[in-house]
Amino acid sequence: LRTWSETEARDAVRETLAEAVRSQMMADVPIGLFLSGGIDSSAVAATKPRRIRPKRRNIPTPEKQSRA
């Protein structure tokens with residue numbers, strides 16, 4: 001069993017997450033991210049490749065529609 005320093009662990013998690021996101025963001029159509037506000041979707045959004053330009057679009061939920 002290997003003992004990791006904090007820096008090694010952080011770098012390993014960051015690289016693993018970046019590789020997972022890169023491998024899933026291959027498409028010949030526009031790519032979108034649905035964010036729940038949790039730490040996992042926030043991490044995916046922060047890790048997305050820099051070449052993708054963000055375009056924000058809010059999708060109304062039933063709660064928001066009933067208040068309008």
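Asp11 is partly exposed, with a relative accessible area of 39%. In this predicted model, the side chain of Asp11 meets that of Arg10 in a salt bridge. The N to O distance is 4.0 Å. The cut-off for a salt bridge is within 4 Å. Arg10 also counts as partly exposed, at 40% relative accessibility.

Side chains of opposite charge can pair when their charged atoms come close. By this rule the chain has four salt bridges. Glu8 and Arg2 form one of them. Their closest N and O atoms are 2.9 Å apart. Glu8 has a relative accessible area of 34%, so Glu8 is classed as partly exposed. Arg2 reaches 49% and is likewise partly exposed. The upper limit of that class matters for Arg2, because a residue counts as exposed only over 50%.

Further along, Arg22 pairs with Glu15. Here the closest N and O atoms lie 3.1 Å apart. Shared partners extend this pairing: Glu15, Glu19 and Arg22 are joined by salt bridges into one network. How accessible are the members of this network? Arg22 is partly exposed, with a relative accessible area of 39%. Glu15 is partly exposed at 45%. Glu19 is partly exposed too, at 42%.

Where do the two glutamates sit? Glu15 lies in helix 1. Glu19 has its place in helix 1 as well. Each can also be related to a residue further along the chain. Glu15 and Thr47 are 32 residues apart in sequence, yet their C-alpha atoms are separated by 9.6 Å. Glu19 and Lys48 are 29 residues apart along the chain. Their C-alpha atoms are separated by 9.9 Å.

Now step back to the whole chain. The protein chain has three helices and zero strands. Read along the sequence, the pattern is α-α-α. The chain holds 68 residues, and buried residues make up 9% of them. The exposed surface comes to about 6700 Å². Carbon and sulfur atoms supply 55% of that area.

Next comes the packing of two of these helices. Helix 1 spans residues 6–24, and helix 2 spans residues 39–47. They pack at an angle of about 75°. Their axes are 9 Å apart. How does that angle classify the pair? Angles of 65 to 115 degrees count as roughly perpendicular. Helix 1 and helix 2 are therefore roughly perpendicular to each other.

Which residues make the contact? From helix 1 come Leu17, Ala18 and Val21. From helix 2 come Ala43, Val44 and Thr47. By class, this contact has five nonpolar residues and one polar residue. It has no charged residues. Thr47 is therefore the polar one, because Ala, Val and Leu count as nonpolar. Thr47 has already appeared above, as the residue whose C-alpha atom is 9.6 Å from that of Glu15.

Helix 2 offers one more residue to examine. Ser41 lies in this helix. Is Ser41 buried or exposed? Ser41 is buried, with a relative accessible area of 10%. The class follows because buried means under 20% relative accessible area. What does Ser41 touch, leaving aside its neighbours within four places in sequence? Ser41 is in contact with Phe34, Leu35 and Ser36.

Taken in order, the route has led from charged pairs to helix packing. The salt bridges include Glu8 with Arg2, Asp11 with Arg10 and Arg22 with Glu15. The contact of helix 1 with helix 2, by contrast, has no charged residues.

Notes
Residues numbered from 1 in each chain as written. Predicted model: local features only at pLDDT ≥ 70, side-chain atom pairs only at ≥ 80, totals over all residues. Heavy atoms only, no water. Axes fitted to C-alpha atoms, helices over the stretch in contact; angles between N-to-C directions. Helix = DSSP H or I, 4+ residues; strand = E, 2+ residues; numbered from the N terminus. Parallel < 35°, antiparallel > 145°, perpendicular 65-115°, else oblique. Contact = heavy atoms within 4.5 Å. Buried < 20%, exposed > 50% of the residue type's maximum accessible area, 1.4 Å probe, protein only. Areas by Shrake-Rupley, 256 points an atom, 1.4 Å probe, with all protein chains shown as cover.
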